[in-house]
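Me: Got a model open here and I'd like to talk through how its parts fit together. Can you take a look with me?

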2 protein chains.
Amino acid sequence: MRKPNMLNVNHRSYKLPTRPTVVVCVDGCEPDYLAQAVATGHMPWLKRALAEGTGIVADCVVPTFTNPNNLSIVTGAPPSVHGICGNYLFDVASGTEVMMNDPKWLRAPTLLAALADAGKKVCVITAKDKLRRLLGHKMKGICFSSEKSNDVSMEENGIADVLSIVGLPVPDVYSAALSEFVFAAGVKLMQRERPDVMYLSTTDYVQHKHAPGTEGANAFYSMMDGYLSQLDELGCVIALTADHGMNAKVAMDGQPDVIYLQDWFDAQLGAGVARVILPITDPYVVHHGALGSFATAYLPAGSDVGAVIASMKKIKGMEAVYSREEAAAHFELPADRIGDVVCVSERFTVIGTAASRHDLSGLDAPLRSHGGVSEQRVPLILNRKLPGLDMTRRFRNFDAFDLALNYAQ
Amino acid sequence: MRKPNMLNVNHRSYKLPTRPTVVVCVDGCEPDYLAQAVATGHMPWLKRALAEGTGIVADCVVPTFTNPNNLSIVTGAPPSVHGICGNYLFDVASGTEVMMNDPKWLRAPTLLAALADAGKKVCVITAKDKLRRLLGHKMKGICFSSEKSNDVSMEENGIADVLSIVGLPVPDVYSAALSEFVFAAGVKLMQRERPDVMYLSTTDYVQHKHAPGTEGANAFYSMMDGYLSQLDELGCVIALTADHGMNAKVAMDGQPDVIYLQDWFDAQLGAGVARVILPITDPYVVHHGALGSFATAYLPAGSDVGAVIASMKKIKGMEAVYSREEAAAHFELPADRIGDVVCVSERFTVIGTAASRHDLSGLDAPLRSHGGVSEQRVPLILNRKLPGLDMTRRFRNFDAFDLALNYAQ
């Protein structure tokens with residue numbers, strides 16, 4: 001029998017919140033961004049939260065991309081459970097490459113929907129609209145994106161006229177303002193609606209351009225610190241985590257250090273015989289040219305997968321190569337949605353398809369990106385002590401709701 | 001029979017130089033320093049050298065510290081051959097902890113001495129004096145440090161009155177100027193003495209303070225680029241490498257992320273039962289507080305080394321732990337000069353002895369340091385194409401003389 005104040009979602013149990021609880025997913029928040037900003041006085045609230053609360057470096061989900069990790073955080077489960085293993089996939093059934101933004105790909109209920117069903121008032125704000133439909137799937141409550149903040153309705157978003165509530169203009173999709181809008185709206189709605197649970201998810205536009213400790217990065221984190229401080233003053237339990245880290249991905253000549261894997265396969269097996277899929281691909285690739293440190297490939301039937309893996313491992317800059325089964329087990333991925341081989345490149349190296357298919361003309365700063373194991377470390381910070389928690393265990397970013405609801409209330 | 005234009009040193013053969021050859025060891029030169037500086041227009045000479053010459057990312061020696069790597073570069077061999085496995089060691093014979101600056105610890109001849117013996121004019125300039133005696137051991141020629149540039153003599157250094165030749169004041173030992181002096185002196189002496197072989201070795205004062213792409217780092221690399229350009233114009237073959245990389249070593253609160261290993265052993269085994277040695281230790285620790293990502297420990301006779309290793313592996317932030325024999329084999333270290341266990345911490349974590357024994361009051365910037373496998377990637381750049389070189393093999397920083405003398409002339 002279910003306890004009245006408990007919720008079971010994807011085989012984990014959660015206490016219902018007794019005070020407003022905000023889980024923040026800061027896109028591309030390599031822990032060093034926080035370290036450098038705190039050290040140089042740009043995040044006074046966070047400095048205090050770390051001293052008086054709890055700071056953990058956790059592991060996110062590999063591939064270290066936005067969609068799989070946001071869905072892991074709101075389901076409390078790895079992609080093998082929720083099914084979202086990238087921004088983009090090869091749909092074997094239809095033989096086409098498609099975006100994974102449609103809720104039809106989702107295989108598990110979200111905590112957000114379950115909390116709303118349990119009578120809690122839930123509010124979700126994302127930077128980009130691509131995530132909104134996945135996060136808000138079957139959820140009663142407020143759910144909108146900064147990107148489409150001028151196009152909301154009670155029917156679709158559970159809220160009307162966001163712009164006049166927030167008092168800011170619609171931000172450009174490629175801007176730091178897109179994330180600032182998320183925080184500003186979060187504070188306004190916490191004041192006005194006092195939801196029981198809020199999920200805020202930003203975009204990594206700033207992190208793709210600016211390294212930890214630089215002026216551009218510190219300005220962003222200083223802005224964020226101010227809004228988190230306001231949420232704290234409003235009495236919220238805050239859990240801050242990230243979808244993935246971020247690293248420079250350039251060779252010594254300052255150009256992106258790319259393994260063009262489709263070109264490599266074409267040279268080995270003939271043009272188009274293998275199909276390389278980059279799950280980082282989404283409609284917004286100007287700032288990273290669709291280059292990340294993770295790829296999967298579909299091989300022709302009857303291929304000697306072991307031999308292919310052995311030669312892929314010899315490619316300079318390749319960190320690890322797995323068969324479908326190994327990758328599914330090691331990274332907890334849905335085996336039916338990844339290719340015959342899965343590979344991860346090193347910290348400074350990315351994987352592309354064919355050189356001719358990547359438009360790098362939009363890169364106005366040395367490439368920074370993510371996707372690999374080198375971007376797996378993320379912050380998991382609570383503005384509360386967490387009594388009774390075993391601090392020696394491995395933590396995941398998708399433990400955020402567990403810590404916030406079960407330990408921090 | 002020895003070919004008249006060939007030299008054999010430590011089981012490798014080298015052609016004698018036919019034009020002035022300069023090997024530069026840039027202390028703490030994480031490849032990303034070059035990438036960010038080139039990308040933002042601070043290193044026009046290097047940009048051209050990479051386009052017209054050869055750019056390789058090589059592996060340095062672990063522990064990724066200054067002395068072992070400088071000695072590897074000038075002997076063309078790992079520490080198992082030359083014996084210098086740190087800046088500091090526990091001398092089992094005398095039962096004392098001592099600096100490893102004395103040439104008595106050197107077990108192999110240097111290429112520099114051999115080139116001088118073969119009639120070549122050799123010139124060595126180091127930033128800090130600690131390296132000078134090791135690098136200049138049994139070498140006829142010019143050998144001095146920026147640090148003691150006001151205290152040179154023909155007898156001891158093969159040169160007199162360095163200051164008036166260079167036209168700069170004696171630099172402070174904690175300054176970027178200490179390294180600039182090395183380059184300035186190198187250019188002046190190349191013009192004036194035209195040595196056949198020059199070895200320049202800088203200090204990582206700047207790299208301990210400034211991350212790649214920041215103003216402080218770019219200013220240093222821009223300065224360096226100007227001097228290298230002058231050496232290139234003087235017709236030199238230039239090989240640029242590094243002793244080790246460099247990474248931020250801070251927790252999210254901006255403070256050094258330290259495993260205090262002596263404290264850990266004291267808690268496990270009793271005070272002082274084990275002895276932790278940090279081979280980063282040297283007389284100049286203000287800028288890193290003697291905190292690096294490598295340590296070795298001596299255990300009491302009869303210890304269950306396997307059990308100790310198993311518990312050390314569970315320490316948060318520990319990347320790898322080895323027995324003496326494993327470490328000696330894996331990192332090519334002299335087994336008689338390391339402890340019973342050897343450990344390496346992760347990219348953002350350092351290892352200390354006891355909290356009470358590290359003075360961190362001199363740290364005026366968030367800690368950056370080295371010592372681990374995370375700092376093993378270093379540049380290996382030649383301002384020449386290298387015909388006939390197998391580019392798929394693993395390169396080491398101590399291949400610098402091999403490439404410069406055997407492929408680039």
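Reply: Sure, and keep in mind that this is a predicted model. One thing to zoom in on is a salt bridge between the side chains of B:R377 and A:E346, with N to O at 3.8 Å.

Me: How many salt bridges does the rule find across the interface of chain B and chain A?

Reply: Two salt bridges turn up across that interface. Polar contacts between chain B and chain A come to four residue pairs, counting those with both residues at pLDDT 80 or more.

Me: Which elements of chain B supply at least two residues each to the side that touches chain A?

Reply: Those are α1 (31-39), β4 (54-59), β11 (247-248) and β19 (377-382) of chain B. The most comes from α1(B), which gives seven residues. Sorted by class, that side of chain B has 18 nonpolar, six polar and eight charged residues.

Me: OK, and what area is buried between the chains?

Reply: About 2300 Å² is buried between chain B and chain A, with carbon and sulfur atoms giving 62% of that. On the chain B side, B:M252, B:R347 and B:F348 lose the most area to chain A, together 31% of what that side buries.

Me: What rotation superposes chain B on chain A?

Reply: A rotation of 180 degrees does it, with 0.0 Å of shift along the axis and an RMSD of 0.0 Å. The two copies are therefore related as by a two-fold rotation axis. In chain B, the C-alpha nearest that axis belongs to B:T214, at 3.4 Å. Both copies use the same surface, as 100% of the contact residues of chain B recur in chain A.

Me: Switching to a single chain: what does the domain assignment give for chain A?

Reply: Chain A gets domain 1 (6-245 + 376-406) and domain 2 (258-369). Their C-alpha centres lie 27 Å apart, and the two domains of chain A bury about 2900 Å² between them, 58% of it on carbon and sulfur atoms.

Me: How many salt bridges are there across the interface of those two domains?

Reply: The rule finds four between domain 1 and domain 2 of chain A. A:K209 forms a salt bridge with A:D364, where the closest N and O atoms are 2.5 Å apart. Polar contacts between these domains number 13 residue pairs, again with both residues at pLDDT 80 or more.

Me: Which element gives the most to the domain 1 side there?

Reply: That's α10(A), with four residues on the side of domain 1 that touches domain 2. By class, that side has 20 nonpolar, eight polar and nine charged residues.

Methods
Residues numbered from 1 in each chain as written. Chains lettered and ligands numbered in written order. Predicted model: local features only at pLDDT ≥ 70, side-chain atom pairs only at ≥ 80, totals over all residues. Heavy atoms only, no water. Least-squares fit on C-alpha atoms with pLDDT ≥ 70 in both. Contact = heavy atoms within 4.5 Å. Buried area = accessible area lost by both parts, 1.4 Å probe. Polar contact = N/O pair within 3.5 Å; in protein donor to acceptor, adjacent residues only side chain to side chain. Nonpolar A, V, L, I, M, F, W, Y, C, P; charged D, E, K, R; others polar. Domains from an automatic or database assignment.
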